[in-house]
Every structure is written in C-alpha cells, then in structure tokens.
Amino acid sequence: MSYRKALLIVVATGLLCTAGSFFAQYVMKLNPCPLCILQRVAVISVTLMSILVLLLPAHKKGGWFAAAVLISIPALWGLGVAGYQIWLQSLPVMERPSCGAPWTFRLKDWPLFDVWEPVVRGFGDCGVQEHVMGVPLPIWSVMFFGSVLIWVWFAPRLSK
C-alpha cells in the first residue's frame with residue numbers, strides 16, 4: 001500500500017469517526033463528557049494533519065517521517081485521553097474523580113466561540129460507559145488512534 005493510500009484511509013476514517021461523534025451527540029442524544037470532546041478534537045486534528053500532509057511533498061527524503069510525526073502527535077494525545085477515560089471508567093463509582101467543568105463553560109469567553117461551540121458542547125459524566133455496537137466509546141477511540149499510528153508508521157515499509 002502506498003503512503004498516499006494509507007493517508008487517504010486515515011482521512012476517510014477520521015471523517016467517518018467525526019461524523020459518527022456528531023451523529024451520536026445530535027441524533028442519538030448521547031451527551032459527550034469533557035474527555036469525549038477531547039477525543040473528538042484529537043480525531044479532527046489527526047484528520048486535518050493527514051489532509052495537510054497529503055498536500056505536502058512527502059515523497060522527498062525524510063518526508064514520510066516528518067508526515068508520520070505530524071500525524072502522530074494528535075494521535076498519541078487522543079490515545080492517552082482515551083486510555084485515561086478507560087482507566088477512569090474501570091474505577092468503582094465512589095472512587096471516580098470528576099471530569100471537571102464542561103468545555104462550553106471553560107471556553108465561553110474565547111474568540112469565535114459561537115463558531116466552534118457545537119464541537120465542544122457536552123455535559124456528560126466521564127465515568128458513564130456509552131456503547132456503540134456493544135463496545136465502549138473510548139475503546140473505539142483507542143482502536144482508531146492505534147490504527148492511525150500503525151498506518152502512518154508502517155505503510156511506507158509495507159510498500160517497498
């Protein structure tokens with residue numbers, strides 16, 4: 001598989017995951033928690049970085065390495081957030097720490113808040129497990145971010 005095809009798969013999967021998160025929130029009425037919103041932002045960041053890398057000349061020496069690093073930064077961040085949420089959800093109810101204030105409260109005074117407010121809207125509890133097809137949502141995030149890391153780091157080696 002060529003590196004461009006791997007990046008196109010990352011973009012398509014990221015768009016699908018982003019659309020799924022908005023569908024779950026606005027159609028299925030699942031209320032995302034602050035950690036879910038951070039994972040959504042990480043998915044969007046991975047997708048945008050992948051689009052940016054597709055536009056840059058990654059075929060030059062070291063180009064794929066720089067591209068993989070650019071995409072891996074938000075993927076690792078999202079993987080860490082999802083891992084933390086899985087750990088948090090594994091705790092007994094009385095031992096779970098609070099997620100903190102909702103992002104809409106934290107960021108309401110930021111510039112252009114009305115434009116990007118639908119992305120960060122949510123008041124859910126981080127300890128509550130929401131399932132899609134029987135799998136908790138943070139597990140889906142781990143699978144997405146793990147797949148992205150595998151695609152961007154191993155696709156160049158598999159194409160040789």
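Of the 160 residues that make up this chain, 38% count as buried. The model is a predicted one, and the picture below is read from it. On the outside, the chain exposes about 9300 Å², and carbon and sulfur atoms supply 73% of that area.

As for the fold, the chain holds six helices and two strands. Going along the sequence, the elements come in the order α-α-α-α-α-β-β-α, with the two strands sitting just ahead of the last helix. Plenty of the contacts link distant parts of the sequence: taking those with a separation of 6 or more, 79% are between residues 24 or more positions apart.

The inside comes next. The largest nonpolar core has 20 residues, and the members that touch the most others are Y3, L7, V46, I71, F145, V148 and V152. Four helices each put at least two residues into this core, namely α1 (3–26), α2 (34–55), α3 (63–90) and α6 (137–158). The biggest giver is α6, with six residues. L7 shows how such a core member is surrounded: leaving aside residues up to four places away in sequence, L7 touches S50, V53, L54, I71 and V152. Two of these partners, I71 and V152, are themselves on the list of core residues that touch the most other members. There is also a second core, separate from the one just described. It is made of six residues, among them L35, L38, V81 and L88.

Then there is what the records say. In UniProt, an unreviewed entry carries the annotation "transmembrane region" for residues 37–56, 63–87 and 137–155. How do two of these stretches look in the model? Residues 37–56 are 95% helix and 0% strand, and the C-alpha atoms at the two ends of this span lie 29 Å apart. Residues 137–155 are 100% helix, again with 0% strand, and here the end C-alpha atoms are 26 Å apart.

Back at the surface, F23, Y26, V27 and M28 together make a nonpolar patch of about 370 Å². One of these residues, M28, is located in the loop between α1 and α2. Is M28 buried or exposed? Neither label fits, because its relative accessibility is 44%, while buried means under 20% and exposed means over 50%. M28 therefore counts as partly exposed.

Methods
Residues numbered from 1 in each chain as written. Predicted model: local features only at pLDDT ≥ 70, side-chain atom pairs only at ≥ 80, totals over all residues. Heavy atoms only, no water. Core = buried A, V, L, I, M, F, W, Y, C linked by side-chain atoms within 4.5 Å. Buried < 20%, exposed > 50% of the residue type's maximum accessible area, 1.4 Å probe, protein only. Contact = heavy atoms within 4.5 Å. UniProt positions renumbered as here; feature names shortened; annotations may be inferred. Patch = residues over 30% accessible without salt bridge, like charges linked within 9 Å, V, L, I, M, F, W, Y side chains within 5 Å. Areas by Shrake-Rupley, 256 points an atom, 1.4 Å probe, with all protein chains shown as cover. Salt bridge = Lys/Arg side-chain N within 4 Å of Asp/Glu carboxyl O.
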